[in-house]
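Me: Could you take a close look at one part of this model for me, the nonpolar interior? I would like one connected walk through it, please.

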Amino acid sequence: MSEFLLQLRWTGRFGNRLFQYAYGASYARLTGLEFQLPSEWEGTRLFRDQTHRVVENEELRIALRSPAEGPASNRQKMDVVRKYYPDAELIDAELIADPYLKPGHPICHANLCAYNWALFAGMSKAHLKNLLEFSEDVTRLDSYKRYFDLQGLYDVAHLRRDDISDAQYNRTHAQGYSVISRESYLQAFRKYGYAEDSIQWISDDYTGKWHAGRKRRFRGGWEYPTGSQYLLPIIFDWLDDFLKLYFARTIFRANSSFSWWGGLLSPTAKVFSPVMDKRHIYGVDGMEELTVDFVEGNHPHWLDGKPEIVLSD
């Protein structure tokens, strides 16, 4: 009888995908069962250990490449899974009381894996930091060597913008993210004793409205299911930002899974996080930005109303 965990699809981009990978890897660690991926992803190139393999069955692998999402798509994918594993079960990893169960048959999921406290409870910081060590392709980069030499010597603030600050996008797409005001960061710098002019900013503001200069940066493409476009010699267009977070002394992070992971994996950083106790969708609920408080620690969720992210050691 086969037992394993199969991820039916990737949800979101790199920071969100890391949660899906972390769940699968944690499931394998706790149960001793296999975790199978729907495809290669950014982590295939970024991380040294490729412990968890892409599903090998060709028909199933092709079916899982479909970008469609939702109940109908999940049923279609499960129909293909059950051709080979008739007793396979689809679970909702965000709602199930024990996402690390061993039911005696294959289980599948198609969730973000970032909203259920029970998912976090089964994740170990030490395990994930070991699993997500950078590959030689990354450590050979000039940017990696530059930030490695500066590790623990600089402080950064991550200001998230891009789609969440695009009013037209928000009016035509489902959006759950508020825009945190720059003033929130300035208040946090003063609160914790940091000089504003000592902070280096990281932002995906390509308009230049909030973060001058970013609009001059090259933007790579993106394609489902593999994700971000592979670019030589930088690997991914956002990797320099992630490395800058990773080696910082201090991170004032955004309401973002991207900088949440930068804070978790960093060997050097103290993290301060925004407390998302309300929601205001830019361009939908008005054009205002939220002013929020920051607290020390990486535990606040980046979305309002979600459980704190507390992992075991």
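Reply: Happy to; here is a walk through the interior, from the core to a helix, a strand residue and two cysteines.

A word on the basis: this is a predicted model, where local features need pLDDT of at least 70, side-chain atom pairs count only at pLDDT 80 or more, and totals for chains, interfaces and linings use all residues. Residues are numbered from 1 along each chain as its sequence is written, and side-chain values use heavy atoms, with hydrogens and water left out.

Let's start with the largest nonpolar core, which has 83 residues. A nonpolar core here is a set of buried Ala, Val, Leu, Ile, Met, Phe, Trp, Tyr and Cys residues joined through side-chain atoms within 4.5 Å. Buried means under 20% relative accessible area, exposed over 50%, and partly exposed in between, using a 1.4 Å probe and protein chains only. Y23, Y185, L239, F252 and W261 have the most contacts inside this core, and α1 gives the most to it, with nine residues. Apart from this core lies another, of 13 residues, including F4, L6, A63 and A110.

Helix α1 covers residues 14-31; helices (H or I, at least four residues) and strands (E, at least two) are DSSP runs, numbered from the N terminus. Of its 18 residues, 16 are buried. The expected span, 1.5 Å times one less than the number of residues, comes to 26 Å, and the end C-alpha atoms of α1 are 25 Å apart, which agrees. After α1 comes G32, with a positive phi near 80 degrees.

Back to F252: leaving aside neighbours within four places in sequence, F252 is in contact (heavy atoms within 4.5 Å) with partners that include Y185, F189, I199, F272 and F294. I199 sits in strand β6, residues 199-203, and is buried, at a relative accessible area of 8%. Not counting residues up to four places away, I199 touches D155, V156, A157, F189, Y194 and F252. The C-alpha atoms of I199 and K270 are 14 Å apart, with their positions 71 residues apart along the chain.

Finally, the cysteines. The structure holds zero disulfides, a disulfide being a pair of cysteine sulfur atoms within 2.5 Å. The sulfur of C108 has its closest cysteine sulfur in C113, 13 Å away, so the two are too far apart for a bond. C108 is buried, with a relative accessible area of 0%, and C113 is likewise buried, at 0%.
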